[in-house]
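Colleague: Before planning further work, I should like to go through this model with you. May we begin with the pocket and then turn to the cavities and the interface?

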Amino acid sequence: MSTHTPAPTGTAPSAPARPRDGGALPGRATLAAAVPGAFRKLHPRTMARSPVMFVVLVGSVATTLLAAADPGDRFGWAVTAWLWLTVLFANLAEAVAEGRGRAQAESLRRTRTDTVARRLTADRAAEERVPGTALTVGDLVVCEAGDVIPGDGDVVEGVASVDESAITGESAPVIRESGGDRSAVTGGTRVLSDRIVVRITARPGETFIDRMIGLVEGAARQKTPNEVALTILLASLTVVFLLAVVTLRPFALFAGAGAQATPLVLTALLVCLIPTTIGALLSAIGIAGMDRLVRRNVLAVSGRAVEAAGDVSTLLLDKTGTITHGNRMAHAFLPVRGVTVAELAAAAQLSSLADETPEGRSVLRLAEDGHGLPARDLDAVPGADWIPFSATTRLSGVDVTDGGTVRRIRKGAAGSVARWVRDHGGVEPVEADRIADRVAAQGGTPLQVAVSDTEGARVLGVVHLKDTVKDGMRERFEELRRMGIRTVMITGDNPLTARVVAEEAGVDDFLAEATPEDKMALIRREQAEGRLVAMAGDGTNDAPALAQADVGVAMNTGTAAAKEAGNMVDLDSDPTKLIEIVEIGKQLLITRGALTTFSLANDVAKYFAIIPALFAATHPSLDRLNIMDLAGPQTAILAAVIFNALVIVALVPLALRGVRYRPAGADALLRRNLAVYGLGGLVVPFLGIKAVDWLLALFL
Amino acid sequence: MNAQLAGVLQLTALLGALALAHRPLGDHIADVHTSRRHLRVERLVYRAVGVRPDAEVGWTGYLRGVLAFSLVGIALLYLLQRLQDVLPGSLGFATIPPDQAFNTAVSFVTNTNWQSYSGEQTMGHLVQTGGLAVQHFLSAAVGMAVAVALVRGFARTSTGALGNFWVDLVRGTVRVLLPLAACAALVLVACGVIQNLSGIHHVGQFLGGTQQWNGGAVASQEAVKLLGTNGGGYFNANSAHPFENPTPFSNLFEIFLILLLPVALTRTFGRMVGSTRQGYAVLGAMGVLWVAFAGLMLLTEHHGAGPAPELAGGAMEGKETRFGVSGSALFAVATTGTSTGAVNAFHSSFTGLGGGITMVMMQLGEIAPGGVGTGLYGMLITAVIAVFLAGLMVGRTPEYLGKRLGPREIKLAACALLVTPALVLLGTAAAVALPTPPDAMLNGGAHGFSEILYAYTSAAQNNGSAFAGLSADTPWYNTTLGLAMLLGRLLPIVFALALAGSLAAQRRRPATAGTLRTGTPLFTGLLTATPLVISGLTFVPALALGPLAEGLAA
């Protein structure tokens, strides 16, 4: 690695690692920062995005005019004030949600300021300095240690270590090199060493960081299909209540209750009835959902993709690196007849001391931890001549000279060891080969350990190397099954090996000897049966499958093609995160459904407050509906309006954090959420309205 | 035997009979609408009308059929009434005035059977039997056809075709309604309901003076009036008239006929979508609502407050002694819960809360169990909304029977559910706000308000029963109620068929452990609560000023 550090050509303040835990409660500073936004959002065009809140805005204007017509009416002004507060609380919720994203966007934006690019001229002979914003797709730029990469692209020449903490929050540098699956670089990240040539793949303003800023700020947010459907339902409920309240005026006049059911009071009733709770929090829920994803370092190109994640019913996971650790580990020592396990373990340990590969390390670990052999290092063996692993012999080992006799120990793949034994005058290791075959049949990799000493050359036994399943995977697949999601393991292994790993990991199905075409076919087949498919991938050959899948999560370490094809990018490049993404998608929908149910259930109590208040004067029998025993008509109406406004504030943290989600079947989830938000929504306002009424009666 | 026990026994017998009958009948209707075979008589009809029976159409084609058939039906019925004086079989009655003829034509074609006239003093044999009774069959068959089309929307995948309206209409009439009505008419005749074509008899009364008795094909009209959830009686007194409903047994049998087809159609739904559990979940919600309100009704009517009810052992004002409180209460809940609108008692004379129950049964959306076909499609549309809310709460894009409920489906379902509340509330508001209409009221105050609210509820929900007390034969009521009936019938059909079209075009998504299960008691509970909450929130303020104010005063 070269260490020279030329003067930096751009400024790249190392971005502070963004908070990863979803701190739900907005701090005082966040709140204060959001207040101006809440007022700015009063613009009718902004308000019209939510039909429910637009009606509240119109209602607030109307009551203001009505109150102004009768300026001495303190009740009228009080109702008016609380209606305006209802609108502002809703806007505040949205502004707070956006504000949290904006803080992240600020730190990102700093990384892209004033980057100067060193563009190669067409003949690649010379460099010219141009602003990063002037680059076009296909330009070649040079980046050396200390340079900020001016735009998204692929490395076409060289290898470098890159600090990507600006986008991933991870301080350890990563290697980027031309060709292969680690060629993609992101604009705004900084080269720490060496020199690379990058071909720009994104226009300025459309780079990864730009997209990320747009998403976290909520600027690029479009309503998702479920959000649209819910908005339609809320709008039609609003129309129903509008009808109920507008027609109540002639009904009241007919009943002689026109003096109580004034337009001002009816406007207050309308605002109480329409689903303001969910109407006010709907967009905050959506923004917060994206935010939760970003906090887990996943970037989705659209809210639609997040929503689709909740609907996924088939999950394709690569075996290596996702389900298993990917490197094979020593699992057991299997000696041939006449050799003890201890002898084999000791020989294996000696032969592995000079083997720096992960497999070699795992043999030592098994010998020491599994078989109680003392740990040794290279100096502890006198007269030893170490033979490190080499790719040509595919063997490692040691020759120990002890009093004139040489004891040679070798460890390696079965074929190489057999050749070595033959070369040293030994016999064909029939039994050891049989053991090796058995290990292979179980999906493991056999290594043989042989010794050549005064008794001749012979194979002592087999080390069973196994691709181990990561801890906790079985439980996660079990959780997924409960959520109704089928996992399919994708592997290049033969079906025999694949079956063993699949059974051990507890996946529902596997695809062995998988080619990219097989993967595509599998996705298409699942989709034809009506299932939504999610997968993770990083290579260029994953791109078609990522594009075909309903949720395609590209690894940040992957190629530009893969990132372009997927609809999410995981900055941590952790394929198991698919599971979390699914949970976030579900949580988003549940939060919306739960708050809608809560909002509707609230109306029951409001009727019990307002109907006696309106009509008990003319129809004394209706006072029997005043089961909360509210102090008087005006306090009752005001209490309902105030409760309605305050409940929005009270639920902002829930909207930002999302409803608690535990993986469970649909029935269990429904039962729980109905009990909490349906029954809760029924009971809470009775208590809340009564409490507010009591306070009002105390002070008025 | 005390009267309350009699009520409970009648209710039990009724539920038992329905439990036995709905299954074979529901299966039969499913077979009728999936069979490929045409009967000879059906082929004759197709040839006469010029329909190719094996050609299926999309939802717009299906809707064109429904609309054309309904509007032509209205025009024909209008002409029959307007030309009554020159046509044979008039019994000497004059022509019907235009506003009343419009109202009556719309009323019978929309399966409402609101009657602003007295049958025996206005309509001759031709209009009664050739016009009104024919629509008794056809309007019910149209409702059934639309329901079957919506069920096909759920059952079919990736197709534009919803079936053939003309085939569904003819089969529903020929293979379901006609044979059932014939059997029912025979039972009614056996009970003592009249069936003849004789004229008007003037009969001397015991204390002097004469009484006028009409003959007529009453049993045949009565059978389909109830089976088709029509409700338009031969006589003004409807099922309170001894020629229409002579005995307590005939009364119970009539309640059975009212509930039979709406209940059986849930079985048809289950069969056609390939899971009878789904049908039972829907039936469960209908049943819980109906039985709960029937129980409440028995309670309020048996314990009516005031000196008269206490002496009579129940609120007997306006009820026939031969049916008693229980027979009248069950009939009232059945007729208002099914968009039938036949009455065997004076709903206006029920206790305040009892009158409220009859209104709530209608305001639920005529889905407990609702009219023939209309009840099923109404409940399925309600289910779409319930599934949407519940589906969100389990964290998936909501799906009902494997079909996604996206923006388009929700838009259509919400519009369908908006229509009738809008008609009821706006109609009532206009009637109380404008100076002329209230003149027709018998009562003022809360009861007068109930009369008007009931009239518009009954019309918009296509029920047809009246709270009485309101003289609705004025140009204002004939016209506005006529429009309410027409829009209350056709607009939901438009939305239901559009919904069917967009569902049928979808692929089916397989159910997983993460999918909301809709064949469970939990879902039945949700489906029971949803219409209660939605219609409760819509109508409580209006109900408060009418029946609630009255009922709570007691």
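Modeller: The lining of the largest pocket consists of 20 nonpolar residues, 5 polar residues and no charged ones. Please bear in mind that this is a predicted model.

Colleague: What is the volume of the largest pocket, and which residues of its lining are the closest to its centre?

Modeller: The largest pocket has a volume of about 830 Å³. Its lining numbers 25 residues, and the closest to the centre are Val360(B), Gly536(B), Val540(B), Leu543(B) and Leu548(B).

Colleague: Which helix gives the most residues to the lining of the largest pocket?

Modeller: Both chains take part in the lining: helix 21 (577-615) of chain A supplies at least two residues, as do helix 10 (276-302), helix 13 (352-363) and helix 18 of chain B. The greatest contribution, 11 residues, is that of helix 18 of chain B.

Colleague: How many residues does each chain bring to the contact between chain B and chain A, and what area do the two chains bury?

Modeller: Chain A brings 60 residues to the contact and chain B brings 54. Of the area buried between them, 75% lies on carbon and sulfur atoms. The total that chain B and chain A bury is about 4900 Å².

Colleague: Which three residues of chain B supply more of the area that it buries against chain A than any other three?

Modeller: The leading three supply 16% of the area that chain B buries against chain A. They are Met393(B), Leu537(B) and Leu545(B).

Colleague: How many salt bridges cross the interface, and what is the distance between the closest N and O atoms of Asp311(A) and Arg404(B)?

Modeller: The rule finds 2 salt bridges between chain B and chain A. Asp311(A) and Arg404(B) qualify as a salt bridge because the cut-off between a side-chain nitrogen and a carboxyl oxygen is 4 Å. Their closest N and O atoms are separated by 2.7 Å.

Colleague: How many residue pairs are in polar contact between the chains, and which helix gives the largest share of the side of chain B that touches chain A?

Modeller: There are 16 residue pairs in polar contact between chain B and chain A, counting pairs with both residues at pLDDT 80 or more. On the side of chain B that touches chain A, at least two residues each come from helix 14 (374-393), helix 15 (407-433), helix 16 (445-460) and helix 18 (521-553) of chain B. The residues of that side divide into 36 nonpolar, 11 polar and 7 charged. Its largest share, 14 residues, belongs to helix 18 of chain B.

Colleague: How many cavities of 30 Å³ or more does the structure hold, and what is the class make-up of the lining of the largest?

Modeller: The structure holds 14 such cavities, with about 410 Å³ of space in the largest. Of its 28 lining residues, those closest to the centre are Gly365(B), Ala416(B), Leu417(B), Thr420(B) and Gln461(B). By class, the lining comprises 12 nonpolar, 14 polar and 2 charged residues.

Colleague: Which residues lie nearest the centre of the second largest cavity, and which helix gives the most to its lining?

Modeller: The second largest cavity contains about 270 Å³ of space. Among its 20 lining residues, Arg49(A), Ser50(A), Glu94(A), Gly279(A) and Ser283(A) lie nearest the centre. The lining divides into 8 nonpolar, 6 polar and 6 charged residues. With 4 residues, the element that gives the most is helix 10 of chain A.

Note on methods. Residues numbered from 1 in each chain as written. Chains lettered and ligands numbered in written order. Predicted model: local features only at pLDDT ≥ 70, side-chain atom pairs only at ≥ 80, totals over all residues. Heavy atoms only, no water. Contact = heavy atoms within 4.5 Å. Buried area = accessible area lost by both parts, 1.4 Å probe. Polar contact = N/O pair within 3.5 Å; in protein donor to acceptor, adjacent residues only side chain to side chain. Nonpolar A, V, L, I, M, F, W, Y, C, P; charged D, E, K, R; others polar. 1 Å grid on protein atoms, 1.4 Å probe; cavity = no way out; pocket = protein on both sides within 12 Å on 5 of 7 lines; lining within 4 Å. Points joined across faces, edges and corners; volume = space filled by probe spheres on them.
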